[in-house]
Amino acid sequence: MAFYPPYTAALGSAVSGMNAPAGEQDGSTGISSASPTRSSTDIASPDDSISGGSLPCDSLSCNPLLQRWPGPHATPAFDRIRNEHYLPAFRHALREVRAEVAAIAGNPGEPTFANTVEALEFSGRRLDDIGNIFFNLNEACTDDEMQRIALEVSPLLTAFGNDISLDPVLFARVRAVYDNRDSLELTVEQTSLLEKTYKGFTRGGAALEEADKETFRALTAELSQLSLQFTQNVLAATNAFVLHLTDPGQVDELPASVRDGAAAEARERGLDGWVITLQAPSMVPFMTYSSDRKLKERLWRAYNSRCYGDAYDNTEIVTRIVALRLRLANLLGYPTYADYVLEERMARTPQRVREFLDELLERAIVPARGDVREVVDFARSAGAAYELMPWDYGYWQERLKRARYTLDEEQLKPYFRLENVQHGAFLLAGKLYGLTFHENPDIPVYHPDVRAFEVCDGDGTFLAVLYMDYFPRASKRGGAWMTEFRPQYVEQGCEIRPLISIVCNFTKPTDRQPSLLTFNEVTTLLHEFGHALHGMLACGRYPALTGTNVYRDFVELPSQLMENWATEKEFLDLWAVHYRTGEKIPADLVQKIVDAKNFQAAYLHIRQVSFGLSDMAWHTVTAPVEGGVAEFERRAIGKAQLLPYVAGQCMATAFGHIFSGGYAAGYYGYKWAEVLDADAFSLFRERGIFNPDVAEAFRTNILEKGGAEHPMTLYVRFRGHEPDSRALFERMGIRDK
């Protein structure tokens, strides 16, 4: 049973190994008959390890969520799952896991690592599987009924999580094992699981007095509901805005691909003309290429005021979440919520995070202001007789980029056909780690847009199933992410291989041309693919410690590392060809990409720092926030403000990362991981970007290990030293004074 915080609404691990020798893997189930150490093990009943055992012959036995997963490699029957299956499946799985946990708590024998800690870890696998399916699809392919079910299921799961973490008998058994840990001769991985389990109880309120436990239950239950409502409001607000254009003059200057996409969006809605939405593939190109300031202001204001005073207002939810998190932290003995969160992060303390963000701000704020000044000066020289506002910046930034590097996104896109970019990512995984990818149309998928691939190791051993879901739709939230429907683990001698998903929102193909990606979308795909590799190459025994189950400020290392190859000529030359002619991307165009990679780097860096400052401000308060949400946010990021402030803007009310996505007091982790990835990639640069020895070291020390050891231990083992921030600033072209 994954030990999730009891107020977490979703069981899915959205962010975002070695196995049996060839011939010993059961290709029909995705279950290997060997442990991750490649030693042979007896097989108990592999299918039972997924299904949780046989079911009574009643109506539940017809529920595909409760049946043995029938697809190739034991994949879920997405083609058979309906909304009416979820609630009965959750209720059955909850009854089942409660019985399992009761047996652990009531075990008459002395508490041991095996009969208590390990038994808890493997209890509730069916509940985890159902939760992974439901909550992942609630993000990627939802509807009104699923959102209603989520609101109904969430308190059930929260109550269950509280029942576990607040059970004094169960905690006593775990504590007994923990107190005797020095005499148990545990492996490093077992020690990590014991520590994580023990902390899961203490951080889940197990040591509280009875009255405080009831308060804890109430706080976590409300937080769970509020996080779900926050997400649903953001999705609704994003879908509610439509910019419907009927005048050809309003779209004439847009690239043909952008016009075609807007026309296709209009047709899907039964409208004439063109439709621009707040989804990134629609909005960003319009903001970049349109000179119509009034229309762009409408778009910008709509996007940057989502859920702020509108029909889907999140302002009270934001302040309530912050207040409840503070009360929760105080109840557990922490001065702020950030102190509570960061105890389980590489950074450790709010003070260390503040110092880190301040360092990043101080070293880059002057170059960032220089970046802005360059765009403003260029716009003025081109006749822009007005103050540049945030909705103007992307347009003039792109024009400056084209003037300086004669590089236009539209020049690049023909070489970045989605299928080619995917091939490039697969090729990179092959060159680094020996992986192969084969599409299998027999694997059920949850939407016609989704494609499923079998992933195998260099020796042909099956590793994972990878689902790719690329295009936006009203049922999918914005952004891009990696998640899993099933993690990797070993139970009773059977290795269970993972089911990994990448979800994006790229431009859809039209009748006239395929999906052509911007360069930013290319790096996005590589980023999420890095998370996927972390999940697919997992090699451990315990699901709570494998794959992306690592500290939040470490989880972005594999993903951000992969982005580095996007500007490497040696890599691009392998796959980037024109979708019509088949011509390889010209060397001069690749050089322009390389030359332009630091364009506005300081500006973009400071934007990310500002998000981290906002996050830390919300979660280091020592009293409930009074006054307006927008005003609080403005004070928090004021020292990082680069463009004019616009009254009515408010990021917090749609800042899903920190209010519903698990990055509370952790958004700094993106920049923290940039320091790690810049330092890590410097080793590839030194020895070769496809160097097999460096790749193998990264695989065995980082990707395969998951959370089995402390991340700094793993990083130093790979790199030979602790991360050095100099590599990041050198990559951005920012030199020390």
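**Overall build and five residues in their surroundings**

In this predicted model, the protein contains 28 helices and 11 strands. The radius of gyration is 25 Å, close to the 27 Å that the globule rule gives for 737 residues, so the protein is as compact as a globular protein of that length. Along the principal axes, the C-alpha atoms fit in a box of roughly 85 × 60 × 60 Å. Of the 737 residues, 60% count as buried. The protein exposes about 27900 Å², and carbon and sulfur atoms supply 49% of that area. Charged side chains number 75 positive and 99 negative, and the centres of these two sets lie 4 Å apart.

With this overall picture in hand, individual residues can be visited one by one. Asn138 is a helpful place to begin, as a residue of helix 4, which spans residues 125-140. Is Asn138 buried or exposed? Its relative accessibility is 10%, and buried means under 20%, so Asn138 counts as buried. The side chain of Asn138 makes a polar contact with the side chain of Thr142, at 2.7 Å. Leaving out residues up to four places away in sequence, Asn138 also touches Met146, Gln147, Ala150 and Leu228. Another residue to look for is Gln232, which is 94 residues from Asn138 along the chain, while the C-alpha atoms of the two are separated by 9.8 Å.

A second asparagine, Asn505, sits in the loop between strand 11 (499-503) and helix 18 (519-536). Asn505 has a relative accessible area of 7% and is therefore buried. Which residues surround Asn505, once neighbours within four places in sequence are set aside? The contacts are Gln279, Pro281, Tyr470, Phe471, Pro472, Arg473, Lys476, Arg477, Gly478, Gly479, Trp481 and Glu521. Arg477, one of these partners, also offers its backbone oxygen, which lies 3.1 Å from a polar atom of the Asn505 side chain.

Gly706 is another loop residue, placed between helix 26 (692-703) and helix 27 (711-719). At 2% relative accessibility, Gly706 counts as buried. Beyond residues up to four places away in sequence, Gly706 touches His534, Leu545, Thr546, Gly547, Val550 and Leu714. What separates Gly706 from Val555, in sequence and in space? The two residues are 151 residues apart in sequence, and their C-alpha atoms are 9.0 Å apart.

The backbone deserves a look as well. Thr406 has a phi near 45 degrees, a positive value in a residue other than glycine. Thr406 belongs to the loop between helix 15 (390-405) and helix 16 (409-412). With a relative accessible area of 44%, Thr406 is partly exposed.

Gln492 also has a positive phi, near 50 degrees, and is likewise a residue other than glycine. In this case the loop runs between strand 9 (489-491) and strand 10 (494-496). Is Gln492 buried or exposed? The relative accessible area of Gln492 is 55%, and exposed means over 50%, so Gln492 counts as exposed.

Note on methods. Residues numbered from 1 in each chain as written. Predicted model: local features only at pLDDT ≥ 70, side-chain atom pairs only at ≥ 80, totals over all residues. Heavy atoms only, no water. Helix = DSSP H or I, 4+ residues; strand = E, 2+ residues; numbered from the N terminus. Buried < 20%, exposed > 50% of the residue type's maximum accessible area, 1.4 Å probe, protein only. Contact = heavy atoms within 4.5 Å. Polar contact = N/O pair within 3.5 Å; in protein donor to acceptor, adjacent residues only side chain to side chain. Rg over C-alpha atoms; globule rule 2.2 N^0.38 Å. Areas by Shrake-Rupley, 256 points an atom, 1.4 Å probe, with all protein chains shown as cover. Lys, Arg positive; Asp, Glu negative; His and termini not counted. Charge placed at Lys NZ, Arg CZ, Asp CG, Glu CD.
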